[in-house]
Amino acid sequence: METQRFMGRGQLIPRLIAQVGNRDFAMNLLKKRGHMDAAGNLTPSGEKRNNMTAEERALDRDNDGRPRKYHSSTNSTTLL
């Protein structure tokens, strides 16, 4: 899987581009989510997410207080 190359910290943008297949679409998603400003700079929340690994982002996204396990092949989590 192409996105498996971008699992570490500081790879939010390359990973999203690989996931959606289009740089402009990826940038617009980040802007819509509030992770990037109109000038193309990461916002504080974008910097926070960029400093997370793919696993940390998935666990943060699905955080409901219950223990979860990350699956790198699907970039998703399941309950333990």
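Contact is taken here to mean heavy atoms within 4.5 Å. In this predicted model, His-35 touches Leu-30, Asn-41, Leu-42, Thr-43, Ser-45, Gly-46 and Arg-49 when residues up to four places away in sequence are not counted. The residue is placed in the loop between α2 (23–33) and α3 (44–50), and, because buried means under 20% relative accessible area, His-35 with its 13% relative accessibility counts as buried. His-35 also belongs to the lining of the largest pocket, and two of the residues that His-35 touches, Leu-30 and Leu-42, are members of the largest nonpolar core.

The helix that precedes this loop was examined for the distribution of its buried and exposed positions. In α2, the residues Ala-26, Met-27, Leu-29 and Leu-30 are buried; around the axis they cover an arc of only 155°, which puts them on the same side of α2. Asp-24 and Lys-32, by contrast, are exposed on the other side of the helix. An α-helix has 3.6 residues a turn, so residues three or four places apart point the same way. The buried residues of α2 pack against α1, and one of them, Ala-26, is in contact with Leu-16, Ile-17 and Val-20, its neighbours within four places in sequence being left aside.

The largest nonpolar core comprises eight residues, namely Leu-12, Leu-16, Ala-26, Met-27, Leu-29, Leu-30, Met-36 and Leu-42. The elements that contribute two or more residues to this core are α1 and α2, and the largest share, four residues, comes from α2. In soluble globular proteins, nonpolar side chains tend to be buried together.

A comparable analysis was made for α1 (12–20). The buried residues of α1 are Leu-12, Arg-15 and Leu-16, which, seen down the helix axis, fall within an arc of 95°, so they line one face of the helix. These buried residues are covered by elements that include α2, α3, α4 and β1. In the segment before α1 lies Gly-10, which is partly exposed, with a relative accessible area of 41%; its C-alpha atom is separated by 19 Å from that of Asn-22, a residue 12 places away along the chain. At the other end, α1 is followed by Gly-21, whose phi is positive, near 80°.

In α4 (54–61), the buried residues are Ala-54, Arg-57 and Ala-58, and, viewed down the axis of α4, they fall within an arc of 95°, so they line one face of the helix. The elements against which the buried residues of α4 pack are α1, α3, β1 (68–71) and β2 (76–79). The loop between α3 and α4 contains Asn-51, which is partly exposed at a relative accessible area of 46%. When its neighbours within four places in sequence are left aside, Asn-51 is in contact with Arg-9 and Glu-56, whereas the C-alpha atoms of Asn-51 and Lys-32, which are 19 residues apart along the chain, are separated by 19 Å.

The largest pocket holds about 190 Å³ of space. Its lining is formed by Leu-12, Arg-15, Leu-16, Gln-19, Arg-33, His-35, Arg-49, Ala-54, Arg-57, Arg-61 and Asn-75, and the elements that give two or more residues to that lining are α1 and α4. The largest share, four residues, comes from α1. By residue class, the lining divides into three nonpolar, three polar and five charged residues. The buried residues of α1, Leu-12, Arg-15 and Leu-16, appear among the lining residues, as do Ala-54 and Arg-57, which are among the buried residues of α4. Leu-12 and Leu-16 are also included in the largest nonpolar core.

Another lining residue of the pocket, Asn-75, lies in the loop between β1 and β2 and is buried, with a relative accessible area of 17%. Most residues other than glycine have a negative phi, and most peptide bonds are trans. Asn-75, although not a glycine, has a positive phi of about 55°.

Conventions. Residues numbered from 1 in each chain as written. Predicted model: local features only at pLDDT ≥ 70, side-chain atom pairs only at ≥ 80, totals over all residues. Heavy atoms only, no water. 1 Å grid on protein atoms, 1.4 Å probe; cavity = no way out; pocket = protein on both sides within 12 Å on 5 of 7 lines; lining within 4 Å. Points joined across faces, edges and corners; volume = space filled by probe spheres on them. Nonpolar A, V, L, I, M, F, W, Y, C, P; charged D, E, K, R; others polar. Buried < 20%, exposed > 50% of the residue type's maximum accessible area, 1.4 Å probe, protein only. Arc of directions from axis to C-beta. Core = buried A, V, L, I, M, F, W, Y, C linked by side-chain atoms within 4.5 Å.
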